[in-house]
Amino acid sequence: MAGFLRRLLRPIRRELAARAPLSVGWVRRDDASWLAAHFQGTTFRPPAPPQSALIERIAAETEALGQQALWEGYAEAYLRDAALPWAGKAMTRSSEQVRSQPRMGRVFAWLAATRRPRVIVEVGTAFGISGMYWVAGLEQAGAGEVVTFDPNETWHAIAKGNIARISPRATAVPRTMEDAISETLGGRPVDLCFIDAIHTSEFVRAQLDLILPRLAPGALVLLDDITFSDDMAACWRALAEDKRFRASLALDDRVGLLELP
Ligand SMILES: C[S@@+](CC[C@H](N)C(=O)[O-])C[C@H]1O[C@@H](n2cnc3c(N)ncnc32)[C@H](O)[C@@H]1O
């Protein structure tokens with residue numbers, strides 16, 4: 001009975017959590033920046049995209065698939081750094097364990113709908129939950145494409161099907177971003193990039209270095225899990241202070257936003 005009630009109340013609890021405002025933590029504020037114009041208070045409450053209920057239904061179906069094997073690249077990263085929070089733990093994850101939560105998904109959809117990017121690059125598709133929010137926003141904008149990379153072929157196949165149920169505005173690539181970005185994008189500039197793959201400064205900095213020359217003026221870069229470890233927190237702090245960006249803020253101490261001049 002208690003389990004039945006918990007399952008019944010889960011969508012209501014999730015919706016209430018999705019409506020709670022996110023905290024806005026400025027690191028470098030430039031009053032003339034896009035970020036300053038759009039994040040004016042100490043909290044931010046993103047609107048839900050029209051497909052949010054469908055996205056969360058698809059997410060629940062994906063979670064019901066249970067634990068799935070991680071991409072083998074993680075074994076190497078976890079072996080190299082025993083201090084990582086998940087190092088030495090099981091090499092499987094369920095969708096719920098790796099996905100962006102609905103509140104942050106709503107931020108992604110709002111960013112895509114408001115900024116109307118031509119190209120969004122996502123590093124780390126996983127099961128396509130963040131990808132569904134990106135394309136929901138692109139549908140609202142009526143333009144744009146998300147190009148999302150993930151070398152985990154099983155997860156890629158699930159994600160591709162999930163995202164296609166929301167919109168055709170995505171290209172999911174079953175390879176690492178490092179390996180496939182040139183071939184996939186050619187010379188197309190990137191207006192928004194979301195780095196959500198292996199959360200260590202080594203990987204994040206190398207991926208950012210690869211993306212930076214491809215970014216359009218004024219582009220946004222988002223980094224997920226900026227407090228995942230001391231290493232990630234230091235990485236975020238250094239990038240947020242980096243003068244190559246005109247402004248930087250953190251949402252809920254979880255996702256860092258960097259704005260290019
Ligand atoms: C935290 S999950 C991504 C979650 C997803 N963005 C979401 O919010 O639903 C990280 C994913 O990054 C992928 N990954 C790891 N290294 C990668 C790389 N170099 N390029 C692309 N994807 C990578 C992993 O296979 C994993 O699926």
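1. Among contacts in the protein chain that join residues at least 6 apart in sequence, 76% link residues at least 24 apart. This should be read with the caveat that the model is predicted.

2. As for overall dimensions, the C-alpha trace of the protein chain spans about 55 × 40 × 35 Å along its principal axes. The radius of gyration is 18 Å, which agrees with the value near 18 Å that a compact globule of 261 residues would have. Of the 261 residues in the protein chain, 41% are buried, and the secondary structure comprises 11 helices and 11 strands.

3. Strand β5 (residues 119-123) deserves a closer look: four of its five residues are buried, so the strand is largely enclosed by the rest of the structure. The chain crosses from β5 through α7 to β6, and this β-α-β crossover is right-handed.

4. Turning to the pairing of β5, the strand runs parallel to β6 (residues 145-149) over five bridges, and it also pairs in the parallel sense with β8 (residues 190-195), here over four bridges. Val-123 has Phe-149 as its bridge partner in β6, while in β8 Val-123 stands opposite Ile-195.

5. Around the ligand there are 22 residues, of which Ser-100, Gly-124, Ala-126, Ile-129 and Ser-130 come nearest. The elements that contribute two or more residues to this shell are α7 (129-141) and α9 (177-185). By character, the shell residues divide into 12 nonpolar, six polar and four charged. Helix α7 therefore appears in two places in this note, as an element of the ligand shell and as the helix of the crossover between β5 and β6.

Key:
Residues numbered from 1 in each chain as written. Predicted model: local features only at pLDDT ≥ 70, side-chain atom pairs only at ≥ 80, totals over all residues. Rg over C-alpha atoms; globule rule 2.2 N^0.38 Å. Buried ≥ 20, exposed ≤ 12 C-beta atoms within 10 Å, placed from the backbone. Contact = placed C-beta atoms within 7 Å. Near = placed C-beta within 6 Å. Nonpolar A, V, L, I, M, F, W, Y, C, P; charged D, E, K, R; others polar. Pairing = 2+ DSSP bridges. Right-handed = clockwise from strand over helix to strand, strands pointing away.
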